[in-house]
Amino acid sequence: MKMAGFYDESISNGLGWRAVLFVSGCPHNCPGCHNKEAQNFNYGQEFNKEEIINRICENSILKGVTLSGGEPLCKENIPEVLDFIKSIKEVRPNFNIWCYSGYTLEELMDRNDEITNETLANIDVLVDGRFREDLKNPTLKFKGSENQRILDVPKCIHEHKIVQVAV
Ligand code: SF4
């Protein structure tokens, strides 16, 4: 997997201070995509999990990690994304994990495959849905267009309904 970028700390990609990994590659090709170069699976540099984990562990201000892109949950990226999340949880069990995805939660659950289900079980908050230029709203917090949702994934799964996070 290639990564399009990494922020050691950010407060604009989820609640609290967070490290942010932007993976490369996205199949959605949304009109008006804010990160078009990251649609290319060969864009950026090789993802080095150990180096990124070390950088995260060196930073005591962090409360969690955000996965963004690109598309973290496409079939090409999801194996390494899941492995990365599990490694973070080993060294920082209290971290919360946010993930941006162009897929909706329903689309991901409909896959009903082992790796997607395990990944969802390890994500706290999913910002879901493709970017819609016609619904773009720059005043929205942590998302780009009105259709996108900020979902409490454990509650959505256990309560079998859509539960959004208040931000
Ligand atoms: S899902 Fe995100 S990265 Fe992918 S094309 Fe849409 S806006 Fe761009």
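Reader: Why is His160 called exposed?

Author: The relative accessible area of His160 is 71%, and the scale used here, computed with a 1.4 Å probe on protein chains only, calls a residue buried under 20%, exposed over 50% and partly exposed in between, so His160 counts as exposed. The model is a predicted one, in which local features need pLDDT of at least 70 and side-chain atom pairs count only at pLDDT 80 or more, whereas totals for chains, interfaces and linings use all residues. Residues are numbered from 1 along each chain as its sequence is written, and side-chain values use heavy atoms, with hydrogens and water left out.

Reader: What makes the backbone of His160 notable, and where does His160 lie?

Author: His160 has a phi near 55 degrees, a positive value in a residue other than glycine, and its place is the segment after helix H5, which covers residues 153–159. Helices here are DSSP runs of H or I with at least four residues, strands are runs of E with at least two, and both are numbered from the N terminus. Most residues other than glycine have a negative phi, and most peptide bonds are trans.

Reader: Which other residue has a positive phi although it is not a glycine, and how do you know whether it is buried or exposed?

Author: Asn112 has a positive phi of about 50 degrees, and it is placed in the loop between helix H3 (105–111) and H4. Its relative accessibility is 58%, so Asn112 counts as exposed.

Reader: Where is there a cis peptide bond, and how do you know that it is cis?

Author: The bond from Gly69 to Gly70 has an omega near 5 degrees and is cis. Gly70 belongs to the loop between strand S4 (64–68) and helix H2 (78–91), and Gly70 is also one of the residues that surround the ligand.

Reader: What makes a residue part of the surroundings of the ligand, and which residues are they?

Author: A residue is near a molecule if one of its heavy atoms lies within 4 Å of it, and for the ligand these residues are Cys26, His28, Asn29, Cys30, Cys33, His34, Gln39, Gly70 and Phe131. By class, this shell has 4 nonpolar, 5 polar and no charged residues, where Ala, Val, Leu, Ile, Met, Phe, Trp, Tyr, Cys and Pro count as nonpolar, Asp, Glu, Lys and Arg as charged, and the others, Gly among them, as polar.

Reader: How do you know where the ligand sits?

Author: The ligand sits in the largest pocket, a statement which means that more than half of its atoms lie within 2 Å of the grid points of that pocket.

Reader: What makes this space a pocket, and what volume does it have?

Author: On a 1 Å grid over the protein atoms alone, a cavity is a set of points where a 1.4 Å probe fits but cannot get out, whereas a pocket is an open set with protein on both sides within 12 Å along at least five of seven lines, and lining residues have an atom within 4 Å of a point. The largest pocket has a volume of about 590 Å³, and of its 29 lining residues the closest to the centre are His34, Ser68, Tyr100, Phe131 and Gln148. Grid points are joined across faces, edges and corners, and a volume is the space filled by probe spheres set on the points. The lining divides into 9 nonpolar, 16 polar and 4 charged residues.

Reader: Why is the chain called as compact as a globular protein of its length?

Author: The chain has 5 helices and 7 strands, and its radius of gyration of 15 Å is close to the 15 Å that the globule rule gives for 167 residues, so it is as compact as a globular protein of that length. The radius is taken over C-alpha atoms, and the rule is 2.2 Å times the number of residues to the power 0.38. Of the 167 residues, 47% count as buried.

Reader: Why is Cys156 called buried, and why is Arg132 called partly exposed?

Author: Cys156, which lies in helix H5, has a relative accessible area of 4% and is therefore buried. Arg132, in the loop between strand S6 (125–128) and strand S7 (149–152), has a relative accessibility of 38% and so counts as partly exposed. Arg132 and Cys33 are 99 residues apart in sequence and 8.7 Å apart in space, C-alpha to C-alpha.
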